[in-house]
Amino acid sequence: MVERRITVRNRAGIHCRPSSVIMTAADQFPEVEFKLITENGSSSMHSILELLALGLQQGDEATLQATGKNEQEACDTVAAALEKEYDFPPKN
């Protein structure tokens, strides 16, 4: 198992659109079990509803855990998606 501490950077927090991108990143690693642990609870990272229920806002910190094949790469990829500053729709 590997762990990585993340900080939410998206100004609007983790809402539906970023959650979809984050779940797509996690789905790239079907042999890895993810768990995101926050002070508000935890999410398995296999359910967009669980992730949304955490109510993550800009500046919130969490611990991402990954267990399985290529767990370090998987953890780094999903952590990057969680920490990304999203801009929907993109600026022109």
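This is a conversation about how the labels given to parts of a predicted model follow from computed values.

Biologist: What should be kept in mind about numbering and confidence before any label is discussed?

Modeller: Residues are numbered from 1 along each chain as its sequence is written, and the model is predicted, with local features needing pLDDT of at least 70, side-chain atom pairs counting only at pLDDT 80 or more, and totals for chains, interfaces and linings using all residues. Side-chain values use heavy atoms, with hydrogens and water left out.

Biologist: What makes Glu61 and Arg5 a salt bridge?

Modeller: The term requires a side-chain nitrogen of Lys or Arg within 4 Å of a carboxyl oxygen of Asp or Glu, and the side chains of Glu61 and Arg5 meet at 3.3 Å, N to O, so the pair satisfies the definition. A search of the whole structure finds six salt bridges.

Biologist: Why is that pair said to tie together parts of the chain?

Modeller: Glu61 belongs to strand β4 (residues 61-68) and Arg5 to strand β1 (residues 2-7), so the pair ties together parts that are 56 residues apart in sequence. Helices (H or I, at least four residues) and strands (E, at least two) are DSSP runs, numbered from the N terminus.

Biologist: Why is Glu61 called partly exposed?

Modeller: Buried means under 20% relative accessible area and exposed over 50%, with partly exposed in between, using a 1.4 Å probe and protein chains only; Glu61 has a relative accessible area of 45%, and is therefore partly exposed.

Biologist: How do you know that Glu85 and Arg11 form a salt bridge, and which parts of the chain does the pair link?

Modeller: The closest N and O atoms of Glu85 and Arg11 are 2.6 Å apart, which the cut-off for a salt bridge admits. The pair links distant parts of the chain, with Glu85 in the segment after α3 (71-83) and Arg11 in the loop between β1 and α1 (16-27), 74 residues apart. Glu85, at a relative accessible area of 37%, is partly exposed, whereas Arg11, at 52%, is exposed.

Biologist: What makes Lys69 and Glu31 count as a salt bridge?

Modeller: Their side chains meet at 3.9 Å, N to O, and the pair is a salt bridge. Lys69 is in the loop between β4 and α3 and Glu31 in the loop between α1 and β2 (32-38), 38 residues apart. Lys69 counts as exposed at 52% relative accessibility, and Glu31 is exposed with a relative accessible area of 51%. Elsewhere, salt bridges that share partners join Arg4, Arg9, Asp76 and Glu83 into one network.

Biologist: How do you know that β4 pairs with β1 and with β2?

Modeller: Two strands pair if DSSP finds at least two bridges between them; β1 and β4 pair in the antiparallel sense over six bridges, and six bridges join β2 to β4, which also run antiparallel. Gln65 in β4 is the bridge partner of Glu3, and Lys35 stands opposite Gln65 as well.

Biologist: What makes Lys35 a contact partner of residues elsewhere in the sequence?

Modeller: Contact means heavy atoms within 4.5 Å, and, leaving aside neighbours within four places in sequence, Lys35 is in contact with Ser42, Ser43, Ser44, Met45, Thr63, Leu64 and Gln65. Lys35 lies in strand β2 and counts as partly exposed at 38% relative accessibility.

Biologist: Why is Met45 called buried, and what is notable about its phi?

Modeller: Met45 has a relative accessible area of 0% and is therefore buried. Met45 is found in the loop between β3 (41-43) and α2 (48-53), and has a positive phi of about 65° although it is not a glycine.

Biologist: How do you know that the span of α1 agrees with what is expected of a helix?

Modeller: The expected span is 1.5 Å times one less than the number of residues, and the 12 residues of α1 should span 16 Å, which agrees with the 16 Å between its end C-alpha atoms.

Biologist: What puts the buried residues of α1 on the same side?

Modeller: The buried residues of α1 are Pro18, Ser19, Ile22, Met23, Ala25 and Ala26. They cover an arc of only 155° around the axis, which puts them on the same side of α1, the arc being that of the directions from the helix axis to the C-beta atoms. These buried residues pack against β2, α2 and α3, whereas the face of α1 turned away from its buried side carries the exposed residues Cys16 and Asp27.
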